Amino acid sequence: MVPLENNHLQRKLSSSNCSLYDMIASGVFRLIYGYGKLLKCYSQLQLDYGEASSQFCFPSHSFVKPHTYIVASSSLHSPWCIHSQMGVVRGVILDESVLLAEGDDDKNAPLLRPGADSLVRTLVLSGIHLGISYSTGLPDDKVSILKKIASLQSVDCFMLNDPASEVMPAWSGTDDSIVYLVSNKKEVLSKLSSYSWRIVVLKVGGESSRDAANVLQIENLEELPLTICRLNKESIETNVVTVGFTMKSSRVEDFAKRGAFPLCPTQNGLMFVPLTSKLPLSSQLKDVDIVLHKATDEIVSIEENKLTFTQNMQELQRYLERHKDLCVIDPLNNIYPLLDRLEIQKILLGLVELNTEGSYLIRGAHFLEVDNFEEFNFANGLAEARLSLPCIVKPKVACGVSDAHKMAIVFRVGDFKNLSVPLPAVIQEYVDHSSTLYKFYVLGEEVFYAVKKSIPNADILMKSANRNDLKPLLFDSLKSLPTADSAQYSGANISNMTRNEAIDLKLVTDAAHWLRRKLHLTIFGFDVVIQEGIHDHVIVDVNYLPSFKEVPDDISIPAFWKAIRNKFDCTTK
């Protein structure tokens, strides 16, 4: 594991401003951190890698199953974020007037205001404490709607100023760490006079609240997260920055559920907000210091080396071209090589400069570009490219389109004809690697890895293919990667399949830093297999902004934040 000192992972507690909850959370986190260090020591004893082992995290599937890791919770108050500093927004209460649709008794009319569901989900995923309030006299059917939302999202729901409520006291603190969002259509400010909540008014119908002289006003629900960031920046004297992120919703959920995108400032001063298509992009980016994107989620098509993004991504691209001083993780030009498997293979040829006599080699796989399966002379072409059968055939386009992951393993030269892999394609060396794949993650200057099961060796695949007349094995690498467990190899010698070839961590670490300098990327991943017999370390894939979810969250998320912060600090020097 990359050494992380206690103050990198744990909250710095102060007896003068630390709540009981914070102290308990920190204690739990110390236990988690200690457990992680025990795992590290155990892995080091098992692997006996010497000094190199101290540079890496060992979330290895070979030693500890992924579900046995204890990870810090990303819910309400993360021990990685600043909560106790005065003025930091720690909670949000949504008045029923900003959630329920206005109006008539039409049973076919929407029950919720447009954007209400999305706002609730955004706030829940941000890890901020969330409550829903309603006034006395609200019809039972509408109260039922609010309670259903609260139950589905596991947030508080209570009647405002209800002395019998068991929930309300938790929100009635006298500090200014709670934001109360209410519609300008509702006369409520007088009822909130006993609280020190920060009132934010949603302007409905273009009208200003009569009581809104001293309160913030927004025109759209989607403005609230950025409004909270502005309030935090005003309250915190340290250098807090806002990270605006854009990626597909499923990826946002994956990162956010692990606590990666908090609205509350992290210990190193990051606040995360989603960039939404519901608001003008330029107005959002005025309040953003860093843009974090997964541009490969926004690709519409790639034809004849011409890349077409979604309208939202095109707008972001134009904005970044006009504002070159805005920190981006990472610039689009830097990720373009990762969209092209042929380009990556050519870049990996440069790894030869890391190899020294007497040590293992690290390299890319041998490869061959093909534009036509019908007319190409495969016998000569494979020999010239130092390729032997079986080979793995991949589309030249690496990601962003549906066909990018349609691949095939080919066992006979004649079967390249009529192969249903999109063209142009890259034919890649199939490396016997004991069915073991090493997934490396580069987060800034820190490197982590996990070990996963992979496709079995060629002899096992061929025994399986024999029953199908050695026809090409077709698969989608995102869905149906043929692993050793799924291959049928009755009677085959599988002793090699479970042999875990020792990996040279220093060699791969050097390659990780070489790739970081070569690609000019902040966060990326790559896959390594170790060739049986000669022990070459072969990089078979490189990708931008991976999920790195195989690495325990209490280690990977702070490293993720550190990489983002360091990139910003270096950019703004």
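Two strands pair if DSSP finds at least two bridges between them. Keep that in mind during this tour of a predicted model.

**Stop 1: a hairpin**

Select residues 299-303, which are strand 10, and residues 306-309, which are strand 11. The two strands pair in the antiparallel sense, over four bridges. For one position in this pairing, pick Glu 303: its bridge partner in strand 11 is Lys 306. Strand 10 and strand 11 form a hairpin, and two residues lie between them. Now click on Glu 304 in the turn, where phi is positive, at about 50°.

**Stop 2: a parallel sheet**

Next, find the open sheet of four strands whose order is 8-7-9-12. The pairing here is parallel. Which strands stand at the edges? They are strand 8 (270-274) and strand 12 (327-329). Each has a single partner strand, so one side of each is left without a neighbour in the sheet. Look along the sheet and you can follow its twist: neighbouring strands are turned by 25° against each other on average, direction ignored.

Stay in this sheet and select strand 7 (residues 241-246) together with strand 9 (residues 290-293). These two run parallel and are joined by four bridges. To see one matched position, show Gly 244 and its bridge partner in strand 9, Val 291.

**Stop 3: an antiparallel sheet**

Move on to the open sheet of five strands, with the order 14-17-15-16-20. Its pairing is antiparallel. Strand 14 (367-370) and strand 20 (473-476) are the edge strands, and each pairs on one side only. In this sheet, neighbouring strands are turned by 25° against each other on average, direction ignored.

Select strand 14 and strand 17, which pair in the antiparallel sense over four bridges. Leu 368 is a good residue to label here, along with Ile 427, its bridge partner in strand 17.

**Stop 4: Glu 429**

Remain on strand 17 (residues 425-429) and select Glu 429. Is this residue buried or exposed? The cut-off for buried is under 20% relative accessible area. Glu 429 has 11%, so Glu 429 is buried. Show the side chain of Arg 363 as well: the side chain of Glu 429 makes a polar contact with it, at 2.9 Å. Leaving aside residues up to four places away in sequence, Glu 429 touches Arg 363, Ala 365, His 366, Leu 387, Ile 392 and Gln 531.

**Stop 5: Leu 112**

Go back along the chain to Leu 112, in the loop between helix 3 (96-99) and helix 4. Leu 112 counts as buried because its relative accessibility is 18%. Not counting residues up to four places away in sequence, Leu 112 touches Leu 99, Leu 100, Ala 101, Asp 117, Ile 145 and Ile 149. Then select Lys 142, which is 30 residues from Leu 112 along the chain; the C-alpha atoms of the two are separated by 9.8 Å.

**Stop 6: two helices**

Two packed helices are described by the angle between their axes and the distance between the axes. Select helix 4 (residues 116-125) and helix 6 (residues 224-235). Their axes come within 10 Å and cross at roughly 40°. Helix 4 and helix 6 are therefore oblique to each other. On helix 4, the contact is made by Leu 119, Thr 122 and Leu 123; on helix 6, by Leu 224, Pro 225 and Ile 228. Colour these residues by type: five are nonpolar, one is polar and none is charged.

Definitions and conventions:
Residues are numbered from 1 along each chain as its sequence is written. This is a predicted model: local features need pLDDT of at least 70, side-chain atom pairs count only at pLDDT 80 or more; totals for chains, interfaces and linings use all residues. Side-chain values use heavy atoms; hydrogens and water are left out. Axes are lines fitted to C-alpha atoms, for helices over the stretch in contact, and angles run from 0 to 180 degrees between N-to-C directions. Angles under 35 degrees count as roughly parallel, over 145 as roughly antiparallel, 65 to 115 as roughly perpendicular and the rest as oblique. Contact means heavy atoms within 4.5 Å. Ala, Val, Leu, Ile, Met, Phe, Trp, Tyr, Cys and Pro count as nonpolar, Asp, Glu, Lys and Arg as charged, and the others, Gly among them, as polar. Buried means under 20% relative accessible area, exposed over 50%, partly exposed in between (1.4 Å probe, protein chains only). A polar contact is a pair of N or O atoms within 3.5 Å; within protein, one must be able to donate a hydrogen and the other to accept it, and residues adjacent in sequence count only if both atoms are side-chain atoms.
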